[in-house]
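Let's take a walk through this protein together. Keep the 3D view open and turn it as you read.

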Amino acid sequence: MKLTVQEIMKEDIIEAVPVHTAAEGPAGQLPITGEVLRNAPSGEIFGMTQNAGMGWNPLLLNRPQYLILGTMGGIRREDGTPLALGYHTGHWEIGVMMEEIAEELTANEGIPFAGYVSDPCDGRSQGTTGMFDSLPYRNDAAIVLRRLIRSLPTRKGVLGVATCDKGLPAMLLALAGMHKLPGIIVPGGVTLPPVEGEDAGKVQSIGARYSNGELSLEEAADLGCRACATPGGGCQFLGTAATAQVIAEALGMALPHSALSPSGQPIWKNIGRQSARALQHLDQNGIVMSDILTDKSIQNAMVLHAAFGGSTNLLLHLPAIAHAAGLKVPTVEDWNRVNRMVPRLVSVLPNGPVPHPTIRVFLAGGVPEVMLHLRKLGLLDESVLTVTGRTLGENLDWWETSQRRTDLRQRLLEADGVDPDTVIMSPEEAKRQGMASTMTFPVGNLCPEGAVIKSAAIDPAVLDSEGVYRHTGRVKVFTTERAAIRSIKLGMVQAGDILAVIGRGPSGTGMEETYQLTSALKHLPYGKYVTLITDARFSGVSTGACIGHMGPEALAGGPLGKLRDNDWVEVRIDTVNLEGSVNLVGEGDEPLTKEAGTLILASRTPHPGLAVDPGLPEDTRLWAALQAASGGTWKGCIYDTDKIIALLEAGRQALEEKL
């Protein structure tokens, strides 16, 4: 249909309504003095004019001001139905939480301000060029959020309400960078699982399962419709979104037992009101972000990550938070050390051993319950200050004897018939259940800078009696994720294959997630016998023998980029001692040795199909260059201003010398 200009511009108002050219303006007077007029910045005075213009009572304009920042998306009608959809459920009810916070601040004689920086959905962009903007978005959003904070000079503190994979890390970076300002993270909670159906992680594999005859069209349509059983909150598994909520609380930046709460429910709304009171308490007592974020709190967060079995994406986000806070950035060696000493205690999707959804982890006690076990093991620094204004040790003392703990753990037993101690286990029980530590960092001639695998998520059926995964096989090389998933759907991938997806790191794609591959392999019957290696990254819900972050990335000269179809690759992952290797071991009829493979790699040129993705946006190319200059993925894909300026200055001088 083609409309005329007249049809497009037709008047929707039937009766002509006069356009007013002036108005009376707000009644009352600004609460200012002669001293204020003589000494205050004009912007501060004009801000009062703006506040009155928006309808705030002028007599109350001298109250302390607090900023609420959220990742709200979409437009909700008053009854909660959509007028315009958001990108995902994770930000659909953020506005509801912000209203609760604003009401509490107002009731306690504060003036709330609100701003929004919405966020994308990694699930929605899987397998599309939208994924090229996913990780770069985090840095951009953190910059915008910090600019919004600084652009309200009269704010006394900030509450950041966020939920999902990139919005919450961005909010964490933003608040971590405001060293001398009180700030609190309010996690946006989780969505509930369907009574009958699949979680939002498994349901993302319905295309691959249908293509392989595992589902009918009717089953796929039904499962896909009901997976997000409630309209708000992050996905029901311990992916990047849920892990980031855990990390926010573990850092002391969020209130005790605020991570993983059920979005939209009264207990979730109350967390907003509690957070508002806590922020005013921080302000009144002069407690700022640099008092809360310390090297010790970063260490505590790493310990909680290991105990929960969290997403490997936090290897990108927690170092970035540390950098924003001006703290020591954790290294691969630090992560390795923590994973060796911390037992995994939480049985939750996607790692199990029982696939409990995140709401059950919340009811079982969430972060503070896990901390009680870690406290007994002496793995936490309890002296760190938190946003309650109290130490972590004091928070845990409260939790251990709280009525909230008793009531919610009992509710889990009553509602789902689940013993909370089977969701959050003691170290002894976790050991009896054979729960392996979270991550292993393999090295080898294909990844001399290292790589990462969530070794806890390897199917136990493919481990030997000593807990070691061994796979030597022919490799199938793909230079795009689209080609790899097409091969899986067409049945061209078989048990025993090793898939290499190369050139998908920061320089090639913005370091895309490859969850449509890992979810397909997870839920296809032969998938446990296939290994995936890549310089890309994985969704937090990914499981299986999936090795990512391989460095150097292929487009930066990494040896991964020299692989060819039918090469022999040897993978070894020790899930007990957390050691591993990924090596090319030959190119002929039989596998040879690591040394032979190293010589082959040295003699080769890059794969002929290796190239920057033609759809890579200019914005992402710039992000890739800046984060590479700042230390790359193992430094958290940050912007290190001093390094970037030094590199630019060196380049400028070199160009001048040439001239």
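Before we look for empty space, we need two words: on a 1 Å grid over the protein atoms alone, a cavity is a set of points where a 1.4 Å probe fits but cannot get out, and a pocket is an open set with protein on both sides within 12 Å along at least five of seven lines; a lining residue has an atom within 4 Å of a point. Grid points are joined across faces, edges and corners, and a volume is the space filled by probe spheres set on the points. What you see is a predicted model, where local features need pLDDT of at least 70 and side-chain atom pairs count only at pLDDT 80 or more, while totals for chains, interfaces and linings use all residues. Residues are numbered from 1 along each chain as its sequence is written, and side-chain values use heavy atoms, with hydrogens and water left out.

How many cavities of 30 Å³ or more does the structure hold? There are two. The largest cavity has a volume of about 90 Å³. Twelve residues line the largest cavity, and Thr312, Lys454, Phe538, Ser542 and Cys546 lie nearest its centre. To sort a lining by class, count Ala, Val, Leu, Ile, Met, Phe, Trp, Tyr, Cys and Pro as nonpolar, Asp, Glu, Lys and Arg as charged, and the others, Gly among them, as polar. That gives the largest cavity five nonpolar, six polar and one charged residues.

The second largest cavity holds about 80 Å³ of space. Its lining includes Glu249, Pro256, Met371 and Leu396. Helix 18 gives the most to this lining, with three residues (helices, H or I, of at least four residues and strands, E, of at least two are DSSP runs, numbered from the N terminus). By class, the second largest cavity is lined by seven nonpolar, three polar and one charged residues.

Now for a pocket. The second largest pocket contains about 740 Å³ of space. Its lining has 37 residues, with His88, Cys121, Ala200, Cys228 and Cys235 nearest the centre. Helix 5 (122-125), helix 9 (217-226) and helix 10 (240-250) each supply at least two lining residues to the second largest pocket. Sorted by class, there are 18 nonpolar, 15 polar and four charged residues in that lining.

Next, the sheets. Strands of a sheet pair through backbone hydrogen bonds, either parallel or antiparallel. Here two strands pair if DSSP finds at least two bridges between them. One open sheet has four strands in the order 4-1-5-6, with parallel pairing. Strand 4 (111-116) and strand 6 (183-187) are at the edges with a single partner strand each, so one side of each has no neighbour in the sheet. Further in, strand 1 (residues 65-70) and strand 5 (residues 155-162) pair over five bridges in the parallel sense. Within that pairing, Gly70 has Val161 of strand 5 as its bridge partner.

The other open sheet to visit has seven strands in the order 7-11-10-9-8-12-13, and its pairing is mixed. Strand 7 (450-452) and strand 13 (579-586) are the edge strands, each pairing on one side only. Find strand 9 (residues 498-501) and strand 10 (residues 531-534): they run parallel, joined by four bridges. Val501 stands opposite Thr534 in strand 10.
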